[in-house]
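Reader: I should be grateful for a close look at one part of this model, namely its pockets. Please describe how they are lined.

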Amino acid sequence: MSGSVAQQVHALADRYTPDRGDPAYVVTHYDLDLDYKVSTNRLSGRAVLDVTALEDVRRLVVDLVGLRVLKVSVGGAPAKWVHRGPRVHVTPPAPLPRGCRTQVAITYAGTPRPAATLWGDVGWEELTEGALVAAQPNGAPTWFPCNDHPSTKATYRIAFESDSPYDVVATGTLVETRVRGSRTRRVFEQHVPMATYLASVHVGRYVRRALVGTNVPIAVVLPAIHERDVMHDLARLPEMTRLFGSLFGAYPFADYTVVVTADDLEIPLEAHALASFGPNWLDGRRRHERLVAHELAHQWFGNSLTPATWADIWLNEGFACYAEWLWAEHADGVPVRASAQTHWSRLARLPQDLVLADPGPVLMFDDRVYKRGALTLHALRLQIGDGVFFELLRDWVQSHRHGSVTTDEFVDLVDVHVRRASGAAGGPAAEQAQALLYRWLWATPVPRLEPAAGGW
């Protein structure tokens with residue numbers, strides 16, 4: 001390890017994950033060349049980060065957890081570095097002026113493992129046979145060096161070499177496969193900007209199946225022993241993609257992959273154009289189809305549109321939860337109003353201490369964020385009407401496609417649509433919509449669900 005006094009670098013304006021991210025620079029592309037041995041859970045790699053300095057930089061910070069740095073270069077020249085805790089402090093051979101573009105290359109190795117966080121263990125997870133990455137919200141540095149913050153989106157190339165008996169799925173399009181003896185190297189490319197926490201990899205003994213009847217190519221990667229149950233539980237996924245496409249706008253990626261692991265998982269989880277389930281969630285009885293809808297909806301809300309900070313998590317989870325209710329109404333005849341009333345009654349009996357637009361790190365994944373977020377959307381829909389509401393959602397998705405979003409931006413777009421729909425008399429209607437959003441987003445008591453008394 002080269003010696004240098006580490007500079008105290010201010011964190012991004014995100015108190016939810018204060019030990020991640022460096023606002024002094026952005027990464028526009030990650031080129032990862034990785035080698036993984038399943039039997040020993042040994043990962044070695046070289047990461048090349050295309051970076052742009054946003055200010056004059058004497059030292060920059062890269063996030064890396066639980067793995068050992070072997071070598072660092074900046075612009076092709078050796079650089080000094082200090083690795084302390086989850087952060088690698090890199091000193092370039094010469095200061096980087098604002099606007100400078102260069103490459104930071106880091107060679108590293110070790111035994112990857114999840115990071116212990118406020119929300120439990122997140123990141124790289126070793127399975128009985130294989131591994132997976134479940135990185136939300138800050139587990140990406142457990143397998144590659146990165147500037148780990150949801151607002152820093154980049155393109156990726158992931159070259160992953162592993163033992164040939166195992167299949168590998170990574171975020172991106174598989175563009176190359178090469179077998180060399182007992183090892184297989186696969187190269188994946190992701191040309192759509194992606195947040196670090198949405199980058200994923202799966203290693204396991206899998207077979208691949210395709211779902212038919214949809215305009216979105218859907219692949220299912222799963223252990224052969226679970227094929228019958230899984231394919232039964234996913235049979236309505238093509239119809240789901242059509243429904244969400246009509247309500248939210250076109251599916252935002254080229255395809256969709258569902259990976260089912262051999263091991264049971266505590267929860268399903270979304271990644272970029274990918275979702276992960278354990279066999280316990282797809283057991284042939286279609287008991288958890290709402291979660292299939294939830295993870296699919298995240299491709300629009302969370303993956304294409306990614307929160308600018310973790311305080312905006314309701315823009316992921318509230319929208320995905322509301323999509324569950326929309327699917328239940330379409331597929332099974334359960335009215336959205338019934339789902340809303342059921343969950344309103346439950347929330348009304350729980351502590352009234354949650355600020356939806358900024359729940360704080362402890363409550364970030366509290367179920368109340370999910371359900372109150374969905375109820376916020378339903379309350380807004382009741383007030384502004386179906387036509388305006390779904391036009392608003394489609395505009396929200398299209399205007400921020402593959403970008404970062406905030407609660408304030410959503411509130412502003414609501415104002416635009418309400419004023420446009422109500423014409424010259426837009427002032428009172430817009431004020432009513434803003435007042436409703438304030439009660440649901442920034443006040444703690446759960447407001448009552450009721451439609452507006454009058455029309456436009």
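Author: Among the elements that line the largest pocket, strand 10 gives the most, with five residues. The model is a predicted one, and the description below is to be read accordingly.

Strand 10 spans residues 120-127. Strand 11 (130-134) and strand 20 (269-271) likewise each supply at least two residues of this lining. The helical part of the lining includes helix 3 (289-297), helix 4 (314-332) and helix 6 (367-384), each again with at least two residues. In total, 32 residues line the largest pocket, whose volume is about 880 Å³. Nearest its centre lie Glu266, Ile267, Pro268, Leu269 and Tyr370. With regard to chemical character, the lining comprises 15 nonpolar, 11 charged and six polar residues.

The second largest pocket has a volume of about 400 Å³ and a lining of 22 residues. Here Gly172, Thr173, Leu174, Asp255 and Thr257 are the residues nearest the centre. Three strands may be named as contributors of at least two residues each: strand 13 (167-170), strand 14 (173-180) and strand 15 (183-195). Of the elements involved, strand 15 gives the most, with five residues. The composition by class is 12 nonpolar, seven polar and three charged residues.

To set the two side by side, the charged residues number 11 in the lining of the largest pocket and three in that of the second largest. The nonpolar residues number 15 in the former and 12 in the latter.

Definitions and conventions: Residues numbered from 1 in each chain as written. Predicted model: local features only at pLDDT ≥ 70, side-chain atom pairs only at ≥ 80, totals over all residues. Heavy atoms only, no water. 1 Å grid on protein atoms, 1.4 Å probe; cavity = no way out; pocket = protein on both sides within 12 Å on 5 of 7 lines; lining within 4 Å. Points joined across faces, edges and corners; volume = space filled by probe spheres on them. Helix = DSSP H or I, 4+ residues; strand = E, 2+ residues; numbered from the N terminus. Nonpolar A, V, L, I, M, F, W, Y, C, P; charged D, E, K, R; others polar.
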